[in-house]
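Colleague: I have just opened this entry and would love a friendly tour. Could you take me through it step by step?

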Amino acid sequence: MQIVRDRQTLCRFFVRAVVATALIGLAVPSAARADLRDGERSSLMALLEPVEPQIEPVPTLVLERTDRRITSTGDPIWDLRLEIPGKPTRRFDAVSGRANRQNADRDRMGSRAPLPAGTYSVGPVEPLADGAYPELGPVWISIEPTFTTGRRVLGIHQDPSAGRLNTQSGTLGCIGLVNRKDMLDLSALIERSGTQRLVVMN
């Protein structure tokens, strides 16, 4: 019997609390209630709004065409720069594609055109045996498009024939650095910085 009476007392207390809350709500002026609802709605919307993720800057290679050319062969010189947060930008002269194929289909395999514009992932630095690949220089760094294209087997390497009148100046589509020392310096910087991203601008 005591348990029943306690339950009845609890129920009566709950009913009184609900009624009191309702009466207080009626006592609040309608304008104030509207402001309260608006405030609650604003708070709710703030909670539901997507939060923009904070993207930390990462080391990035950027390839961009310039107005300069190699005088002897007419190959356009591309500016390859390495941007490392908090460090001075390093720049290297490069070629991409053949001089007479700069306007060819950049998404077609075998076109000998420059790299298609877009973002690429950068692979590891791979030293090459001296003389094993005469047109690739001392180092190969693979790059992989992150977008759909017909181009494949792409990389960054030196172009030992850059500026030479032997029909080999330029590349089949890769990025070819003009100077051997630049290729070695770039490779060391990529390894130290952990660079894994390349953006081809144009």
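Colleague: Let me begin with one residue: is D185 buried, partly exposed or exposed?

Modeller: Happy to help, and please keep in mind that this is a predicted model. D185 sits in helix α3. A residue counts as buried under 20% relative accessible area and as exposed over 50%. D185 has a relative accessible area of 23%, so the class is partly exposed.

Colleague: Which residues is D185 in contact with, leaving aside its neighbours within four places in sequence?

Modeller: One partner is far off along the chain: D185 and R90 are 95 residues apart in sequence, with 9.8 Å between their C-alpha atoms. Contact here is judged by heavy atoms within 4.5 Å. Leaving aside neighbours within four places, the residues in contact with D185 are R90 and F92.

Colleague: Staying with helix α3, how far apart are its end C-alpha atoms?

Modeller: The helix covers residues 180-193, which is 14 residues. At 1.5 Å a residue, α3 should span 20 Å. The model agrees with that expectation, as the end C-alpha atoms are separated by 20 Å.

Colleague: Where around the axis of α3 do its buried residues lie, on the same side or on opposite sides?

Modeller: The buried residues of this helix are D182, M183, L186, S187, L189 and I190. They cover an arc of only 165° around the axis, so they lie on the same side of α3.

Colleague: And which exposed residues are carried by the face of α3 turned away from its buried side?

Modeller: Not every residue of the helix falls into the buried or exposed class: A188, which has its place in α3, counts as partly exposed at 27% relative accessibility. On the face turned away from the buried side, the exposed residues are K181, E191 and R192.

Colleague: How far is A188 from V125 in space, C-alpha to C-alpha?

Modeller: Along the sequence, A188 and V125 are 63 residues apart. In space, C-alpha to C-alpha, the distance between A188 and V125 is 8.5 Å.

Colleague: What residue follows α3, and what is its phi?

Modeller: The helix is followed by G194. The phi of G194 is positive, near 70°.

Colleague: Which residues other than glycine have a positive phi?

Modeller: Most residues other than glycine have a negative phi, so exceptions deserve a look. One of them is in the loop between β3 (90-96) and β4 (118-127), where R112 has a phi of about 60°. Another is in the loop between β6 and β7 (175-177), with a phi of about 65°. The two examples are R112 and T167.

Colleague: What are the accessibility classes of R112 and T167?

Modeller: For R112 the relative accessibility is 41%, so R112 counts as partly exposed. For T167 the value is 70%, so T167 counts as exposed.

Colleague: Is Q158 buried or exposed?

Modeller: Q158 lies in strand β6, which takes in residues 154-158. Among the residues in contact with Q158, beyond its neighbours within four places in sequence, are E135, V139, L177 and M183. With a relative accessibility of 9%, Q158 counts as buried.

Colleague: Which residues does D93 touch, not counting residues up to four places away in sequence?

Modeller: D93 is found in strand β3 and is partly exposed, with a relative accessible area of 26%. The C-alpha atoms of D93 and T66 are 9.7 Å apart, with these positions 27 residues apart in sequence terms. The residues touched by D93 are R68, I77, W78, G176, L177, V178 and D182.

Colleague: Which residues are closest to the centre of the largest pocket?

Modeller: The largest pocket holds about 320 Å³ of space. Its lining is made up of 19 residues, with seven nonpolar, six polar and six charged. The closest to its centre are H157, T171, L172, G173 and C174.

Colleague: Finally, in what order do the elements of the protein run from the N terminus on?

Modeller: The protein has three helices and eight strands. Of its 202 residues, 35% count as buried. Among contacts with a separation of 6 or more, 54% come from residues 24 or more positions apart. From the N terminus on, the order is α-α-β-β-β-β-β-β-β-α-β.

Note on methods:
Residues numbered from 1 in each chain as written. Predicted model: local features only at pLDDT ≥ 70, side-chain atom pairs only at ≥ 80, totals over all residues. Heavy atoms only, no water. Helix = DSSP H or I, 4+ residues; strand = E, 2+ residues; numbered from the N terminus. Expected span 1.5 Å × (residues − 1). Buried < 20%, exposed > 50% of the residue type's maximum accessible area, 1.4 Å probe, protein only. Arc of directions from axis to C-beta. 1 Å grid on protein atoms, 1.4 Å probe; cavity = no way out; pocket = protein on both sides within 12 Å on 5 of 7 lines; lining within 4 Å. Points joined across faces, edges and corners; volume = space filled by probe spheres on them. Nonpolar A, V, L, I, M, F, W, Y, C, P; charged D, E, K, R; others polar.
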